[in-house]
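Subject: Handover of a structure and its findings

Dear colleague,

Please find below the structure that I am handing over to you. An account of what was found in it follows directly after.

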Amino acid sequence: MKLEIGNFHVRDIVFGDALSFRDGILTIQKEEALNFIRQDDRITEAELYIVKPGEEVRLCPVKEAIEPRVRPDGRGIFPGYTSKLLPAGEGKVHALKNCSVLVVGRHMGGFQDGLIDMAGPGQKMTIFGNLLNIVLVADTNEAFERFEQQKMNDALRRAGHKLAEFIAGCVKELEPEEVEVYEMGSVRGRDPETEKLPSVVYVMQPQSQMEALGYNDLLYGWDLNRFLPTYMNPNEILDGAVVSGSFMPCSSKWSTYDFQNTPNIKALYREHGKTLNFLGVIMSNLNVALEQKERAAQFVAQLAVSLGADAAVVAEEGYGNPDADFVACLVALEDAGVKTIGVTNESTGRDGRGQPLVTLDEKCDAIVSCGNVGELIELPPMKVVLGELEALGRDGNSGGWEHDEILGPSVRPDGSVIMENNGIFCGDQVAGWSPKQMMAF
Amino acid sequence: MVKEIERTGIPVVHMCNLIPVSKTVGANRMVPTISIPYPLGDPSTPKEDQWKLRYHRTKVAIQAIATDVQEQTVFSV
Amino acid sequence: MKKAIVYLNQFFGQIGGEEKAGFEPEIREGQVGPAMQMAKTLHAEVTHTIICGDNCMGSNPEETCAKILAMLDGLEFDIFLAGPAFQAGRYTVACGLICKAVKEKFGVPVVTSMNVETPGVNMFRKDMYILKGANSAAKMRKDLSNMVTLANKLLDGVAIGPAEEEGCFPRGIRHQVWRKDGKPASERMIDMLLKKVNGLPFVTEMPIPKIDRVPIAPAIKDLKKAKIALLNTGGIVPVDNPDRIQSASATRWGRYSIEGADGLEGGVFKTVHAGFDPAAADADPDVITPIDALRALEKEGFYGALHNWFYTTVGTGTTESEAARMAREIVPYLKEDCVDAVIMVST
């Protein structure tokens with residue numbers, strides 16, 4: 001399977017007369033883009049903004065992030081979700097780099113939504129603080145979940161995915177500046193030099209703990225709650241086979257942008273044939289019942305052994321009871337003789353004294369640890385807020401609160417905030433970006 | 001919480017689905033439940049079945065606190 | 001200028017060797033022995049030195065600490081330094097004991113230093129800054145200088161970095177840090193993976209801590225007389241959530257009367273737990289709080305009585321220390337009503 005990602009490096013984004021990409025400048029025809037979004041009659045209100053690193057802008061509640069992409073051959077970029085179900089991971093796709101489409105609720109937030117600052121001390125807390133962002137701020141008529149803490153955010157998220165593809169339409173016919181090639185064939189009969197290297201599988205545990213459908217990460221449009229682990233070509237992940245969901249506390253989230261660019265997969269690809277033999281991805285999930293967790297771990301270990309893996313990396317999209325899936329999977333792999341390392345975040349609390357994961361096992365002896373969901377964060381006011389900052393405290397955002405005896409409200413009258421890292425949009429970057437590390441004090 | 005209460009000499013039985021978590025937090029008596037969102041009654045089953053399951057597991061839990069144990073123990077249901 | 005007080009044992013306090021180990025604590029104005037060296041670079045004036053024999057502290061710690069605390073009463077000081085204690089086992093424990101007592105009573109920062117092989121390290125590292133000390137007094141200069149460096153940061157209000165950077169033993173506290181080299185998780189993953197798979201030494205970023213256990217409480221002798229209380233971390237509350245228990249990272253709990261109730265009804269009670277799909281528990285709260293079953297078993301005489309209240313908090317993201325505090329707040333209510341045993345349902 002050979003995937004060619006043709007990159008177009010965006011230096012600036014402006015609104016203008018026609019959608020175009022020229023000399024690094026992405027021009028968006030605002031009304032045209034908004035009309036495109038309004039085709040979904042659930043969207044009641046929509047506005048577009050461009051925000052750039054260093055601008056004093058706060059975004060909240062942020063629901064999703066997508067890298068704008070398009071396929072020159074006319075296939076859709078999220079098969080089984082916004083386009084016809086077809087295999088992903090093969091052929092050419094064009095990508096607008098250094099930018100993302102962000103979806104922000106005009107009013108209502110929820111447990112799964114986060115905050116992004118484009119300047120100040122919060123800017124470094126998520127990669128999106130350092131990207132050029134096309135921000136869709138919108139509201140919907142989905143009254144059934146307006147005041148629910150858990151929201152599917154279906155209309156808004158879909159609008160974002162479609163908008164990302166719509167905008168990338170301007171580079172469909174252009175020659176990319178640079179092409180990244182990802183090629184992985186059968187696990188059998190690889191060249192003898194590669195075969196001598198230690199073989200590795202990458203095990204992904206995307207969020208899928210909501211038993212009701214419509215909230216979880218999707219694989220080719222299929223809800224990962226109803227799923228047992230399977231083997232996948234890593235190209236599929238990099239090419240839109242997975243779409244992010246709307247359930248996990250936000251710093252633990254892997255946005256669609258994260259899936260499209262998964263740094264851990266790209267790092268394994270870079271080492272492939274040099275220091276290791278990258279066998280591919282075992283796609284697993286996160287469950288709610290013990291037996292489901294154990295069943296998934298059993299499947300993962302069996303697949304790893306059958307594929308002939310010497311080693312494995314397990315990464316989880318979540319914390320709390322998903323740690324039980326994570327630890328069970330690491331232990332099952334170690335028990336099967338596969339040398340395993342984990343990538344995760346921790347929940348040691350505001351005081352840092354809590355137990356890092358809810359279950360622990362001494363077999364988990366090699367962990368890359370990317371952040372503390374409970375870390376207390378104070379951020380100064382920003383000049384501009386896109387969305388509705390009150391959502392952070394009012395709507396049950398996982399990092400915010402309405403009232404606290406000692407700390408006061410999350411959102412203060414002057415526009416400054418105090419919150420947990422939990423509520424920073426994709427802040428823990430377990431997909432591999434994280435420059436953060438947990439350390440003992 | 002389980003540990004802090006047991007520390008005062010009051011026996012605690014921990015009814016939970018994630019037994020590995022319960023073991024890690026240090027519970028001494030454990031009774032498994034069926035899931036996280038609905039530990040004691042699967043809404044997809046008839047009310048009568050839910051009641052039977054709940055009655056049975058609660059009874060096991062009460063029996064557990066009247067049972068002396070020497071180590072962390074998971075009571076079977 | 002800020003002020004400091006230093007604690008030394010009989011040997012470093014220049015009283016004598018092992019034969020003077022029973023030396024009763026004394027406080028002296030000014031600086032004795034290592035305190036003089038510290039005073040040269042410390043950002044505070046060392047006003048007093050306390051000297052105490054290791055056996056005196058060792059054989060009678062509470063009384064000895066109390067005597068020293070009484071000596072300190074009324075003195076102004078901004079920091080308390082003990083040692084360095086090197087590999088002297090009794091001295092390390094003495095430094096730990098007195099530092100802990102001083103920190104608790106006066107609320108000032110305390111700093112000590114000991115060698116990794118001594119008992120004081122594991123006894124006290126969660127309570128204070130203990131610098132990683134040498135195994136002999138030949139390294140006095142270095143250990144003193146490390147103590148002063150950390151003490152000066154505390155005195156100057158400079159943020160204390162990770163234990164490894166400061167040269168301290170970890171205090172059981174873990175926080176996120178932006179790496180100075182910005183090295184992303186994906187590259188750290190590759191490094192660790194290659195080392196582990198090739199059998200080379202590697203350093204995990206998350207050492208597995210030892211699990212803390214409590215003694216097993218004895219079983220109830222006679223169930224027929226037992227009063228049982230129901231607690232849950234599944235967030236079952238009256239629909240208006242009167243105690244405003246948070247949906248995650250809870251710091252609050254509530255107790256709600258079930259006197260005479262044969263169960264909880266949907267629409268009257270609900271869950272505020274945000275970590276799972278609430279539909280089932282909202283429709284029938286008894287799937288988390290089995291009050292219907294407990295009541296039936298009570299009526300059948302299977303056990304004595306159900307305590308008239310059930311207790312609720314939310315388990316998701318709630319830290320151990322908060323959970324422990326809430327449990328300690330709940331216990332008096334249980335004791336007051338002579339509750340014999342607890343059923344805790346977690347989601």
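A residue is called buried when its relative accessible area is under 20%. Please keep in mind that the model is a predicted one.

Two helices and their surroundings

By that cut-off, helix α6 of chain A, residues 263–271, is mostly covered, with 8 of its 9 residues buried. They are A:P263, A:N264, A:I265, A:K266, A:A267, A:L268, A:Y269 and A:E271. Just after this helix comes A:G273, which takes a positive phi of about 85°.

In chain C, helix α10, residues 291–299, is likewise mostly covered: 8 of its 9 residues are buried. Here the list reads C:I291, C:D292, C:A293, C:L294, C:R295, C:A296, C:L297 and C:E298. Against what do these buried residues of α10(C) pack? Their partners are α3 (47–65) of chain B together with three strands of chain C, namely β8 (227–232), β12 (305–312) and β13 (341–345). The helix is followed by C:G301, whose phi is positive, near 80°.

Two single residues

B:V2 lies in helix α1 of chain B, residues 2–7. With a relative accessible area of 6%, B:V2 is buried, because the cut-off for that word is under 20%. Leaving aside neighbours within four places in sequence, B:V2 is in contact with B:V12, B:H14 and B:A27, and also with C:M344 of chain C. The C-alpha atoms of B:V2 and B:V13 are 8.1 Å apart in space, while the two residues are 11 residues apart in sequence.

A:S252 sits in a loop of chain A, between β17 (242–243) and α5 (256–261). Is A:S252 buried or exposed? At 2% relative accessibility, A:S252 counts as buried. Residues up to four places away in sequence not being counted, A:S252 touches A:E317, A:G318, A:Y319, A:N345 and A:V373.

Cysteines

How many disulfides does a search of the whole structure find? The result is 0 over all chains. A disulfide is a covalent bond between the sulfur atoms of two cysteines. To be counted as one, the two sulfur atoms must be within 2.5 Å. Two cysteines of chain A illustrate the outcome. For A:C329, the closest cysteine sulfur is in A:C364, at 10.0 Å, which is too far for a bond. For A:C426, the closest is in A:C250, at 5.5 Å, again too far for a bond. A:C329 counts as buried at 1% relative accessibility, and A:C426 is buried as well, with a relative accessible area of 2%.

Contacts between chains

Chain C and chain A bury about 5,500 Å² between them, and 59% of this lies on carbon and sulfur atoms. On the side of chain C, the residues that lose the most area to chain A are C:R174, C:Q176 and C:W178, together 14% of what that side buries. This contact takes 52 residues from chain C and 70 residues from chain A.

Between chain A and chain B, about 840 Å² is buried, 69% of it on carbon and sulfur atoms. In chain A, the residues A:E211, A:V288 and A:L290 lose the most area to chain B, and together they make up 46% of what that side buries. Each of the two chains gives 11 residues to the contact.

Cavities and a pocket

The count comes to 6 cavities of 30 Å³ or more. The largest cavity has a volume of about 140 Å³. Of the 16 residues that line the largest cavity, A:M108, A:D139, A:T140, A:R146 and A:K151 are the closest to its centre. Strand β11 of chain A, residues 132–140, gives the most to this lining, with 3 residues. By class, the lining of the largest cavity holds 4 nonpolar, 5 polar and 7 charged residues.

The second largest pocket has a volume of about 890 Å³. Of the 39 residues that line this pocket, those nearest its centre are A:Q149, A:R394, A:D395, A:G396 and C:S247. Helix α9 (391–394) of chain A and strand β11 (269–271) of chain C each supply at least two residues of the lining. The lining of the second largest pocket divides into 10 nonpolar, 15 polar and 14 charged residues.

With kind regards

Methods. Residues numbered from 1 in each chain as written. Chains lettered and ligands numbered in written order. Predicted model: local features only at pLDDT ≥ 70, side-chain atom pairs only at ≥ 80, totals over all residues. Heavy atoms only, no water. 1 Å grid on protein atoms, 1.4 Å probe; cavity = no way out; pocket = protein on both sides within 12 Å on 5 of 7 lines; lining within 4 Å. Points joined across faces, edges and corners; volume = space filled by probe spheres on them. Helix = DSSP H or I, 4+ residues; strand = E, 2+ residues; numbered from the N terminus. Nonpolar A, V, L, I, M, F, W, Y, C, P; charged D, E, K, R; others polar. Buried < 20%, exposed > 50% of the residue type's maximum accessible area, 1.4 Å probe, protein only. Contact = heavy atoms within 4.5 Å. Buried area = accessible area lost by both parts, 1.4 Å probe.
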